[in-house]
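Subject: The structure I mentioned

Hi,

Here is the structure I said I would pass on. Have a look at it first, and then read my notes underneath.

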Amino acid sequence: MASTVIQIDNLNRIFAKLRKLGVDAQDLKGATTKASAIVLPQAKANAPVLKGKLQKTVKASKANNRVAISAGTPKSVPYGAAIHWGYPKRNIEPNLWLLKLRDQY
């Protein structure tokens, strides 16, 4: 499964300091929800489309301190990782569309 994480430097340190100040972890979840609302549509738009199956599997996994965007599932789209990372044995060039998305933010 292809996935990427958009990283904000020192985010864990920021969250740790906020928790020390008494901010509830559930309050921090709203920030990751907002971040996923910005990133997810862009990820779907950047997905390579032949039939659209891979694009339909793009999803965001949210936690208190991060958002991970993934695409493809072993059952419905097992070729997702091969499209993203490439498969030299089959002459499939890498299409690093999720990593390009990470570099935008």
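Below is what I found, going from the whole chain down to single residues.

One thing to keep in mind from the start: this is a predicted model.

**The overall picture**

The protein has five helices and three strands. Starting at the N terminus, you will meet them in the order β-α-α-α-β-β-α-α. There are 105 residues, and 28% of them count as buried. The accessible surface comes to about 7,200 Å², with carbon and sulfur atoms providing 54% of it. If you take the contacts with a separation of 6 or more, 60% of them are between residues 24 or more positions apart.

**The core**

Which residues make up the largest nonpolar core? There are twelve: Val39, Ala43, Ala47, Leu54, Val58, Val67, Ile69, Ala71, Val77, Trp97, Leu98 and Leu101. Three elements give two or more residues to this core, namely α2 (25–46), β3 (67–71) and α5 (97–104). As background, nonpolar side chains in soluble globular proteins tend to be buried together.

Helix α2 also holds Ser36. Is Ser36 buried or exposed? Its relative accessibility is 5%, so it counts as buried, the cut-off being under 20%. Leaving out residues up to four places away in sequence, Ser36 touches Pro41, Ala60, Lys62 and Val67. Val67 is one of the core residues listed above.

**A pocket to look at**

The second largest pocket holds about 170 Å³ of space. What lines it? You will find Pro48, Val49, Leu50, Lys51, Gly52, Lys53 and Leu54 there, along with Tyr79 and Ile83. Sorted by class, that lining has six nonpolar residues, two charged ones and one polar one. Leu54 turns up in this lining and is also a member of the largest nonpolar core.

Ile83 is worth a click as well. It sits in helix α4 and, at 25% relative accessibility, counts as partly exposed. Not counting residues up to four places away in sequence, Ile83 touches two other lining residues, Pro48 and Leu54. The rest of its contacts on that count are Glu93, Pro94 and Asn95. The C-alpha atoms of Ile83 and Leu96 are 8.2 Å apart, with their positions 13 residues apart along the chain counted as the separation.

**The loop between α4 and α5**

Now move on to the loop between α4 (80–85) and α5, where Asn91 lies. Asn91 has a positive phi of about 60 degrees, although it is not a glycine. With a relative accessibility of 70%, Asn91 counts as exposed because the cut-off for that is over 50%.

Ile92 is in this loop too, and so is Tyr87. How exposed are they? Ile92 is partly exposed, with a relative accessible area of 34%, and for Tyr87 the value is 34%, again partly exposed. Leaving aside neighbours within four places in sequence, Tyr87 is in contact with Ala82 and Ile92. Ile92, counted in that way, touches Ala82, Gly86 and Tyr87. Ile92 and Ala82 are ten residues apart along the chain, and 7.4 Å separates their C-alpha atoms.

Best wishes

Conventions:
Residues numbered from 1 in each chain as written. Predicted model: local features only at pLDDT ≥ 70, side-chain atom pairs only at ≥ 80, totals over all residues. Heavy atoms only, no water. 1 Å grid on protein atoms, 1.4 Å probe; cavity = no way out; pocket = protein on both sides within 12 Å on 5 of 7 lines; lining within 4 Å. Points joined across faces, edges and corners; volume = space filled by probe spheres on them. Nonpolar A, V, L, I, M, F, W, Y, C, P; charged D, E, K, R; others polar. Core = buried A, V, L, I, M, F, W, Y, C linked by side-chain atoms within 4.5 Å. Buried < 20%, exposed > 50% of the residue type's maximum accessible area, 1.4 Å probe, protein only. Helix = DSSP H or I, 4+ residues; strand = E, 2+ residues; numbered from the N terminus. Contact = heavy atoms within 4.5 Å. Areas by Shrake-Rupley, 256 points an atom, 1.4 Å probe, with all protein chains shown as cover.
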